[in-house]
Amino acid sequence: MTQLVHFTKMHGAGNDYIYVDTSLYDVPNPAAQSIAWSRPHTGIGSDGLVLIGRPHDNTQADFSMRIFNADGSEAMMCGNASRCIGKYLYEKGVFHKPVIRLQTRSGVKVLQLHITADDKVESVTVDMLEPRFEQPEQYTGAEIKLPADFDGHVVAAKFVSMGNPHYVIFVDRMEGLDIARAGKLLERDEAFPERCNIEFAQLVGNDQIRTRVWERGSGITQACGTGACATAAAAASLGLASRHPAVLMDGGTLDIRWSANDDHIYMTGPAAFVFEGDIPMG
């Protein structure tokens, strides 16, 4: 008899994932399930699969997160998914506390839930830890060649690791640039041994950065939390913006603050339920 798994679909600024509580359901092959369930026509349709579980070592975390992209590859971290987990745990009564320590493959992230008067999670602030601009296992430092349509439009570019790798390209305009083609090519550039998330960013106002993202393993997505953090860190380090910009993505705006006190990046943004149901394991 085929096992049914109860899932919840959620999104953070349009970045949508399927969430499964592994304390209730065992998912023995999450890579394969992410591919099958993420398909838009024959599955649920999503950017990937997120497993919520208990921490697996002595990290003092409350819960753990594993995230699989739509192509089955496992990611280090996802900022949008971490906010959704905070809302899921609180509003479903699994962990009714406003601060949650979440174990990820790139360290333990602290979630601060912002609660409304009717006891709902309005938004979540995530301590994303420190950005790193050199990570040899993720970026060799080799020169990156962009497609010809980018000639004359690139303002600056910078590698940033937020646990997972990002390459942020600042352009003078987004219109007319084939970012899907560029993202697909650059994700697998030889300079990125682990492949890479690619951000295309444009300064559109005072501390406002319009950003579109090609996510490693998923393609163009509505938003990327670590990508927004990487964009903000790159912009500040290059002198293009302050340490507290708004990052405007296809699915919504994320508030990013790069603290001068501890050098951590704090990301604040929404999380929302879409629907839930049961799907066969297969």
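Which elements each supply at least two residues of the lining of the largest cavity? In this predicted model, the elements in question are strand β4 (63-69) and helix α4 (225-237). A search of the whole structure finds 1 cavity of 30 Å³ or more, and the space in the largest cavity comes to about 80 Å³. Its lining is made up of 14 residues, and those nearest the centre are Asn69, Ala75, Met77, Asn164 and Glu215. By class, the lining of this cavity divides into 6 nonpolar, 6 polar and 2 charged residues.

Open space can be described in the same manner. The largest pocket has a volume of about 170 Å³. It is lined by 13 residues, with Ser106, Arg132, Ser161, Met162 and Gly163 closest to the pocket centre. The lining of the largest pocket comprises 4 nonpolar, 5 polar and 4 charged residues.

Gly163, one of the residues closest to the centre of the pocket, also sits in the turn of a hairpin formed by β9 and β10. There are 3 residues between the two strands, and Gly163 has a positive phi of about 95 degrees. Strand β9 spans residues 154-161 and strand β10 spans residues 165-171; their pairing is antiparallel and extends over 7 bridges. Within this ladder, Phe159 is placed opposite Tyr167 of β10, and Ala157 is placed opposite Ile169 of β10.

Strand β10 has a further partner in β11, to which it is joined by 5 bridges in the parallel sense. Here Ile169 stands opposite Phe200 of β11; Ile169 is thus set across from Ala157 on the β9 side and from Phe200 on the β11 side. How many of the residues of β10 are buried? The count is 7 of the 7, so the strand is largely enclosed by the rest of the structure. In a regular strand, side chains alternate between the two faces of the sheet. Both faces of β10 are covered: one side carries Pro165, Tyr167, Ile169 and Val171, the other His166, Val168 and Phe170, and all of these are buried.

Helix α3 (residues 179-187) contributes to the surroundings of β10. The buried residues of this helix are Ile179, Ala182, Gly183, Leu186 and Glu187. They lie on the same side of α3, because the arc that they cover around the axis is only 125 degrees. An α-helix has 3.6 residues a turn, so residues three or four places apart point the same way. The partners against which the buried residues of α3 pack are β10, β11 (197-205), β12 (208-215) and β13 (219-221).

Attention now turns to backbone geometry in two loops. Most residues other than glycine have a negative phi. Ala13 has a positive phi of about 55 degrees although it is not a glycine, and it is found in the loop between β1 (4-12) and β2 (15-21). With a relative accessibility of 4%, Ala13 counts as buried. Asp119, likewise not a glycine, has a positive phi of about 65 degrees. Its place is the loop between β7 and β8 (121-127), where a relative accessibility of 34% makes Asp119 partly exposed.

Ala13 reappears among the contacts of Gly252, a residue of strand β15 (residues 252-258). Setting aside neighbours within four places in sequence, Gly252 is in contact with Ala13 and Val247. Is Gly252 buried or partly exposed? Its relative accessible area of 22% makes Gly252 partly exposed, given that buried means under 20%. Gly252 and Phe170 are 82 residues apart in sequence, and their C-alpha atoms are 19 Å apart in space.

Strand β7 (residues 107-115) includes His114, which is partly exposed at a relative accessible area of 29%. Beyond its neighbours within four places in sequence, His114 is in contact with Lys120, Val121, Glu122, Ser123, Val124, Thr125 and Thr268. The C-alpha atoms of His114 and Trp214 are separated by 29 Å, with their positions 100 residues apart along the chain.

Finally, Asp262 is found in the loop between β15 and β16 (265-269). Its relative accessible area of 31% makes Asp262 partly exposed. Asp262 and Glu130 are 132 residues apart along the chain, yet their C-alpha atoms are separated by 8.3 Å.

Notes: Residues numbered from 1 in each chain as written. Predicted model: local features only at pLDDT ≥ 70, side-chain atom pairs only at ≥ 80, totals over all residues. Heavy atoms only, no water. Pairing = 2+ DSSP bridges. Helix = DSSP H or I, 4+ residues; strand = E, 2+ residues; numbered from the N terminus. 1 Å grid on protein atoms, 1.4 Å probe; cavity = no way out; pocket = protein on both sides within 12 Å on 5 of 7 lines; lining within 4 Å. Points joined across faces, edges and corners; volume = space filled by probe spheres on them. Nonpolar A, V, L, I, M, F, W, Y, C, P; charged D, E, K, R; others polar. Buried < 20%, exposed > 50% of the residue type's maximum accessible area, 1.4 Å probe, protein only. Arc of directions from axis to C-beta. Contact = heavy atoms within 4.5 Å.
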